[in-house]
Amino acid sequence: MKTNRRCRALLAVSLNLMALLFSTTAFITTHWCEGTQRVPKPSCGKEKKTNCLNYGGNETANETNQNVVHYSWETGDDRFLFRYFHTGIWYSCEENINAAGEKCRSFIDLAPASEKGVLWLSVVSEVLYIMLLVVGFSLMCLELFHSSSVIDGLKLNAFAAVFTVLSGLLGMVAHMMYTQVFQVTVSLGPEDWRPHSWDYGWSFCLAWGSFTCCMAASITTLNSYTKTVIEFRHKRKIFEQGFREEQNFLDQEAIKYFRERTEEERAEAGDLRLQCLHSCSPN
């Protein structure tokens with residue numbers, strides 16, 4: 001029993017630790033959503049001669065460069081670039097078409113005013129989610145390594161399960177609120193930011209993976225608590241049944257003993273009476 005409880009506790013601690021690592025990584029990274037943005041090509045110049053628009057000038061020099069697009073109303077999508085972007089809770093980063101690297105801006109500033117409150121609520125929920133995961137992890141470690149008795153371990157187990165379940169519910173709500181804010185920002189956000197196409201990134205997968213590990217840890221902890229309580233109740237029932245049977249056996253033995261003792265005393269009393277009659281009778 002003790003070995004099984006320790007194995008279940010170790011599994012719950014491992015799942016909680018994975019949930020904590022995944023959630024923290026997702027919270028600080030910027031790959032919740034990623035995709036492409038359609039932006040106009042910049043004008044060609046001395047330093048930029050590819051992937052640009054030529055508004056006149058030396059066309060002879062540009063004829064040898066196939067990447068230069070001559071501006072006309074018929075060019076269609078050739079007038080645009082599709083740059084890569086990725087967005088997290090805090091920042092949205094996009095490819096810099098004029099230089100190497102990326103440029104980032106605050107996603108909170110990009111969100112519409114009507115959604116800023118929901119976004120901040122999502123941020124607060126994410127922080128509380130991580131904090132409750134830390135509390136649950138600490139309680140599980142105490143139960144695993146420092147519980148002096150089974151009763152103390154069960155109390156820590158119950159509190160750890162409650163905190164872990166609460167953290168999982170907060171995490172789920174936070175993820176859903178962020179998804180809602182991002183989808184609204186895609187429709188109502190700044191024109192120069194709106195995505196042409198997008199999908200969820202690896203940070204988003206980590207966030208939901210963290211939620212899955214969190215709920216698995218809470219289920220394992222609750223299972224450990226319930227199983228231990230059931231085992232204790234079963235053992236108590238067996239003990240009480242054995243005690244009652246032993247008590248009944250002792251009672252029957254006592255009754256038998258007193259009955260035999262009474263019969264012996266009666267026999268002895270009869271023998272004494274007979275002896276008295278023989279001794280007291282005249283010859």
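**View 1. The one disulfide of the structure.** This predicted model holds one disulfide. Its partners are Cys-93 and Cys-104, whose sulfur atoms sit 1.9 Å apart. The pair ties together distant parts of the chain: Cys-93 belongs to strand β5 (residues 91-95) and Cys-104 to strand β6 (residues 102-106), eleven residues apart. For anyone checking dihedrals, the angle about the S-S bond is 105 degrees, which makes the link of Cys-93 and Cys-104 right-handed.

**View 2. How covered are the two ends of the link?** Take the β5 end to begin with. Cys-93 has a relative accessible area of 6%, so it counts as buried, the cut-off for that label being under 20%. Cys-104 comes out at 47% relative accessibility and is therefore partly exposed, since the exposed label needs over 50%.

**View 3. The β5-β6 hairpin around the disulfide.** Here's the backbone setting of that link. Strands β5 and β6 run antiparallel, and five bridges join them. Across the pairing, Ser-92 stands opposite Arg-105 in β6. Six residues lie between the two strands of this hairpin, and Gly-101 in the turn has a positive phi of about 95 degrees.

**View 4. Two other cysteines, Cys-33 and Cys-213.** How accessible is Cys-33? At 1% relative accessibility, Cys-33 counts as buried. Cys-213, meanwhile, is in no disulfide: the nearest cysteine sulfur belongs to Cys-214 and is 8.8 Å away. Cys-213 has 10% relative accessibility, so this residue is buried too.

**View 5. A nonpolar patch on the surface.** Which residues make up this patch? They are Val-124, Val-127, Leu-128 and Met-131, and together they offer about 320 Å² of accessible area. Val-124 is placed in helix α4, which covers residues 116-145. With 45% relative accessibility, Val-124 counts as partly exposed, because that class runs between 20% and 50%.

**View 6. Annotated transmembrane spans and their backbone.** An unreviewed UniProt entry puts the label "transmembrane region" on residues 127-146, 158-180 and 200-226. What does the model show for two of them? Residues 127-146 are 95% helix and 0% strand, with 28 Å between the end C-alpha atoms. Residues 200-226 are 93% helix and 4% strand, and there the end C-alpha atoms lie 38 Å apart. The label itself comes from the UniProt record, while the helix percentages are computed from the predicted model.

Note on methods. Residues numbered from 1 in each chain as written. Predicted model: local features only at pLDDT ≥ 70, side-chain atom pairs only at ≥ 80, totals over all residues. Heavy atoms only, no water. UniProt positions renumbered as here; feature names shortened; annotations may be inferred. Patch = residues over 30% accessible without salt bridge, like charges linked within 9 Å, V, L, I, M, F, W, Y side chains within 5 Å. Areas by Shrake-Rupley, 256 points an atom, 1.4 Å probe, with all protein chains shown as cover. Salt bridge = Lys/Arg side-chain N within 4 Å of Asp/Glu carboxyl O. Buried < 20%, exposed > 50% of the residue type's maximum accessible area, 1.4 Å probe, protein only. Disulfide = S-S within 2.5 Å. Pairing = 2+ DSSP bridges.
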